[in-house]
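Hi,

Here is the structure I promised to pass on. Have a look at it first, and then read my notes below.

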Amino acid sequence: MTSTTARRRSHGVKGAPYAFLVPASALFLLFFALPIGYAVYLSFRKVEVSGLGLGAGARDEVWAGFQNYTDALGDSELLDGALRVLGYGCLVVPVMLGLALLFALMLDSDKVRFTPFTRLAIFLPYAIPGVVAALLWGFLYLPDVSPFYFVLDRLGLPQPDLLDGGPLYLALSNIAVWGGTGFNMIVIYTSLQAIPAEVYEAAKLDGASPLQIALRIKIPMVAPSLVLTFFFSIIATLQVFNEPTTLKPLTNSVSTTWSPLMKVHQDAFGKGDIYAAAAQAAIIALVTLVLSFGFLRAANRRNKQEAAR
């Protein structure tokens, strides 16, 4: 083999990983980076109407600067939607992650039987599309068709309307918890399975009870998985759209601007103002990025402090 051939093969081996990255990079640019860039571009534009707005050239797209952003930050509907999502997240995130951790600890216990079936049963709701799950629960919330209301009526018990007022938050949160607990449980359970068995054996020899093992060994060792699931849950909460949009035809309590993303959708496709919608979407993306980055930075700082101890 000549030196030239060897060099060519060496260059080919070194360039192989980059060749495998080309399809993924092309898809990322076409369907992620370019749409984001175009949305940011639209957020700095607006339509200027001259005269009566009739005829060719009566409506021109012009540079708007930060006007769309200032209008969005002063929009009461967008701010009200953000507050509603904040309350929704305060219900969803702790309950969902708490149940996911509890189920993962139960499945990791030696006393639990039929672990594969139980794991699949808990995870299965996550496999159901969000729109289908919201529609299913929506009809279960309707007094006229829900079997729960029929049972409550037969028992003479009160029948609360879960699609009106304050209970609406519980109804929406229940859909998210039902659908997302299984995924988070699998992530935490996988981390529990990676803990060496020798750690548990040493704790048992020291006289630790199953509860003490769970609180002092298992939960601290799966802390990175808890951080990851919390990170994903925060992002999903800020982007809530399917559940309120699906339940909207079933109740008057859900407006077209109930969540920030619903407000973006309404402005873009209901009012036809894609420029204002683009600015609102950019603000939501920026807030999500800042919160995610801040949380990850705080978590990494805490891990470094614990490692230094």
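A word on naming before the rest: the helices here are DSSP runs of at least four residues, numbered from the N terminus. Please also keep in mind that this is a predicted model.

With that naming, Pro-125 is found in helix α4, which covers residues 115-127. Is Pro-125 buried or exposed? Its relative accessible area is 12%, and buried means under 20%, so Pro-125 counts as buried. Leaving aside residues up to four places away in sequence, Pro-125 touches Trp-178 and Gly-179. As for Gln-67, 58 residues away along the chain, its C-alpha atom is separated from that of Pro-125 by 43 Å.

On to helix α7, which runs over residues 167-193. This helix has 27 residues and reaches 38 Å from its first C-alpha to its last, close to the 39 Å expected at 1.5 Å a residue. There is a bend in α7 of about 35° at Gly-180.

Helix α7 comes up again in the core. The largest nonpolar core has 20 residues, and Tyr-88 and Trp-258 have the most contacts inside it. Helices α3 (76-107), α5 (130-141) and α7 each supply at least two residues of this core, and α7 gives the most, with six. If you click on Tyr-88, you'll find that it touches Trp-258 as well as Tyr-169, Leu-172, Ser-173, Ala-176, Thr-237, Val-240 and Glu-243, again not counting residues up to four places away in sequence. There is also a second, separate core of 17 residues, with Leu-107, Leu-192, Ile-213 and Ile-217 among them.

Then there's the largest pocket, with a volume of about 560 Å³. Which residues lie nearest its centre? They are Tyr-126, Ala-176, Gly-180, Ala-236 and Glu-243, out of 24 that line this pocket. Gly-180 is also where α7 bends, and Ala-176 and Glu-243 are both touched by Tyr-88. At least two lining residues come from each of α3, α4, α5, α7, α10 (223-238) and α11 (242-247). As in the largest core, α7 gives the most, with six residues of the lining.

One last spot to look at is Asp-75, found in the loop between α2 (67-73) and α3. Asp-75 has a relative accessible area of 18%; the cut-off for buried is under 20%, so this residue is buried too. Its contacts, beyond residues up to four places away in sequence, are Lys-263 and Gln-280.

Cheers

How values were computed:
Residues are numbered from 1 along each chain as its sequence is written. This is a predicted model: local features need pLDDT of at least 70, side-chain atom pairs count only at pLDDT 80 or more; totals for chains, interfaces and linings use all residues. Side-chain values use heavy atoms; hydrogens and water are left out. The expected span of a helix is 1.5 Å times one less than its number of residues. The bend at a residue is the angle between axes fitted to the seven residues ending there and the seven starting there. A nonpolar core is a set of buried Ala, Val, Leu, Ile, Met, Phe, Trp, Tyr and Cys residues joined through side-chain atoms within 4.5 Å. Buried means under 20% relative accessible area, exposed over 50%, partly exposed in between (1.4 Å probe, protein chains only). Contact means heavy atoms within 4.5 Å. On a 1 Å grid over the protein atoms alone, a cavity is a set of points where a 1.4 Å probe fits but cannot get out, and a pocket is an open set with protein on both sides within 12 Å along at least five of seven lines; lining residues have an atom within 4 Å of a point. Grid points are joined across faces, edges and corners, and a volume is the space filled by probe spheres set on the points.
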